[in-house]
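Work through the two exercises below with the sequence and the model open.

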Amino acid sequence: MQEFDKKEFIKNVEEYIGVFFRRPIEDATKQQVYQGVAYTVKNMIIDDWLETHKAYEEQDLKTVYYLSMEFLVGRALGNMITNLKADSSIREVLEELGYDLENIEDEEPDAALGNGGLGRLAACFLDSLSTLGYPAYGCGIRYKYGMFEQRIENGYQVEVPDNWLKNGNPFEIKRSEYATTIKFGGYVRMIRDEFGNDRFIQEDYQSVRAIPYDMPILGYGNHVVNTLRIWDAEAIDTFNLDSFDKGEYQKAVEQQNLARTICEVLYPNDNHIAGKELRLKQQYFFVSASIQRAVAKYMEAHEDIHKLYEKVVFQLNDTHPTVTVPELMRILLDDYYLGWEEAWEITSKTCAYTNHTIMSEALEKWPIDLFKKLLPRIYQIVEEINRRFIMQILSEYPSEAKKIEKMAILYDGQVRMANLAIVGSFSVNGVAKLHTEILMKQELKDFYEMFPWKFNNKTNGITQRRFLLHGNPLLASWITGKIGDGWITDLSQMEKLLPYIEDEQSRKEFMEIKYKNKVRLAAYIKEKNGIIVNPDSIFDVQVKRLHEYKRQLLNILHVMYLYNQLKSNPEMEFYPRTFIFGAKASAGYERAKAIIKLINSVAEVVNNDETIQDKIKIIFIENYRVSNAEIIFAAADVSEQISTASKEASGTGNMKFMLNGALTLGTLDGANVEIVEEAGAENVFLFGLHSDEVIEYEQHGGYSPRELYNSDKDMKRVVDQLVDGTYSTDKSLFATLYDSLLAGRGGEPADRYFILKDFKSYLEAQKEVEKAYLKKESWARAAMRNTAKCGKFSSDRTIEEYVRDIWHLNKVHL
Ligand code: GLG
């Protein structure tokens, strides 16, 4: 990147607008100006992008390929400008042209190629990898439609397709030269080659062409540019009459359809498997393309395939890319003619697996029939991996037949992807201390016993560049004013803020910034929801995917309880509160959608009840996504992290709130445990069952929600209000929620997520929140302490740990 040249910048923007839209800048629409600016910014980094890759090659550096079905990167322009450190110059230029940078940024659609935490983690990791100067590719899918846009109509979630590419994507580059062929279906024929070796040939298959699109990932102020490579599918041959003549009409049509459908849409399920054939196609499609390309790239510069693992590491983001293991085996066996043992040694030294959940409904299993039909050669290899693994189990545990039942890869007609990932990887990591412990002691106990050396923890992190520097500019510049800007690339330096906690003036400034950010969010809410909220009220926020285990239902039940209290005792002491929700539910998840409707129905009643004098407001923010998240985190006082203990593997929203000076109200779950360690228990509001208690109940029973409900009249009242018409004339509307708490069904226990069990304790913790907020000075101290102690939760720290323990990369010298 050259020095920023204002004239040159304007000239470039004008030129792009001219070339693309045949317009002078004065007549351009905001979208066109955005495009002009985006191409200009891309132009500013192109040389660095080239240089970075040249340096990687010259220095022959090991590369991590982060394989992920999801990259929830959000908007790129603002982030690039931030990482170019060109924020103020570009802002100035645009102002001269009569535009404001935020408005231009708002023209960019979010690249919503992910559902939630797992996809956003991948995006934060890429930001950190570049900022730290490590060679990396993100490998994923270029979904035509990303995460759906959520509209709330009449209180219900409505899903609208997210056509994020409709105006093109200025940042991507199509790399047709790296297209590869991916084969599905058909059968495998064995032949004997001229040297007498058995060879396996896939025949009568359908194939598609995988075409990569590269997006630049900039490091912060260091000229390093890594690549997010997302694959699109194209038909191999264009549909022609020729094949019709040859009687291959059917096959030609099928191939066309395959290419058209494979990258069409992201499955909108978070922590829940869809189990659809197309999903497995997506997985193999992007994995095969990525691995083929990675191996080819390695061989362009090296001779010995046996040493692949010295230069390449594949990190599997959850089980979704697990076919990496048999695919790499296939390439080594069938394309490089290696023997099984040597191929296995290379593979299992090159792959590493991250587990993100213990939720059983999220554990991927594929019916063997489907798997075999779609991936016949891959299936053969999985069978052999399984056969050898079972032999190993038998020899290590000759008298424990149960082990096979639990650990086999192929079992009961299914391919168990987690088992395959563990067996084929040299590293298995969880994403927070507690989660990793639960993996080792419970969920993956047998694997841990057999391969203890594979297991390790990597507590998640987030990038402070997006979630503070970009998302909360007021606080960011205040912090820089106090302690310098070292925190931007070394978040542990936030501790330097600690002394300021004792300074009254600093506390005042800190809380003033919080107030301004609340005003900013209030304006957003006014614009989007048409509701006026009071920035002096407590902003109590729960934004994340809607899932029963995350317990948004507990949150709204508490609001219903407060409302009951206020109604029966209008004079009670009550500090005004704004409850803010944001959440998408998977399109087919009925209970989750019912919870959204419930929140909106309660909001409708409470927000319009004049008798409570605006003491409670309930806001449901439509279409929660990365871009509005930045505004929300900055404005929060209270961070709701209330999952059933043991269920949230880590959580990362919790870290973004902490960074922005919100106090956590949470269970001892996921990374909350470590937030408590860092911030100090006195600066966090804890409640609820502990994970071992939850697990104990799950394994041995003994919890009766109905007993609780019958013995606690406040609880009974709110639960009954789900079905007594208080919030809906149709009394059956929330019956499924009522039943989930009290009845259970089809083998599922009542109140599976211990909402009623934790209800009282949550109420008490909420009362503490109110009391604490009234003591302005100590609240300010606690908020500042949260910000000051969030250093551990930078994804820079997480990446350094992956590098140290798993990837063993070296930094590039530019
Ligand atoms: C998962 C988990 C989260 C975790 C995230 C990133 O549910 O607890 O923070 O991955 O590791 N599906 C997810 O979002």
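Two strands pair if DSSP finds at least two bridges between them; strands are DSSP runs (E, at least two residues), numbered from the N terminus. The model is predicted: local features need pLDDT of at least 70, side-chain atom pairs count only at pLDDT 80 or more, and totals for chains, interfaces and linings use all residues. Residues are numbered from 1 along each chain as its sequence is written, and side-chain values use heavy atoms, with hydrogens and water left out.

**Exercise 1.** Find the order of the strands in the open sheet of three, and state which strands stand at its edges.

Solution. Step 1: the order is 15-17-16, with antiparallel pairing. Step 2: strand 15 (365–367) and strand 16 (410–411) each have a single partner strand, so they stand at the edges and one side of each has no neighbour in the sheet. Step 3: strand 16 is joined to strand 17 (residues 414–416) by two bridges. In this pairing, L410 is opposite V415 of strand 17.

**Exercise 2.** Describe the surroundings of the ligand and locate the ligand relative to domains 2 and 3.

Solution. Step 1: the ligand is surrounded by 13 residues (a heavy atom within 4 Å); N271, H356, N460, E648 and G651 are the closest. Step 2: look for polar contacts (N or O pairs within 3.5 Å). Ligand oxygen atoms lie 3.4 Å from a polar backbone atom of G117, 3.3 Å from one of A649 and 3.0 Å from one of S650. Step 3: the protein covers 96% of the 340 Å² of accessible area (Shrake-Rupley, 1.4 Å probe) that the ligand has on its own. Step 4: domain 2 (61–73 + 115–457 + 800–807) and domain 3 (464–687 + 754–792), with bounds from an automatic or database assignment, both contribute shell residues, so the ligand lies between them.

How values were computed:
Polar contact = N/O pair within 3.5 Å; in protein donor to acceptor, adjacent residues only side chain to side chain. Helix = DSSP H or I, 4+ residues; strand = E, 2+ residues; numbered from the N terminus.
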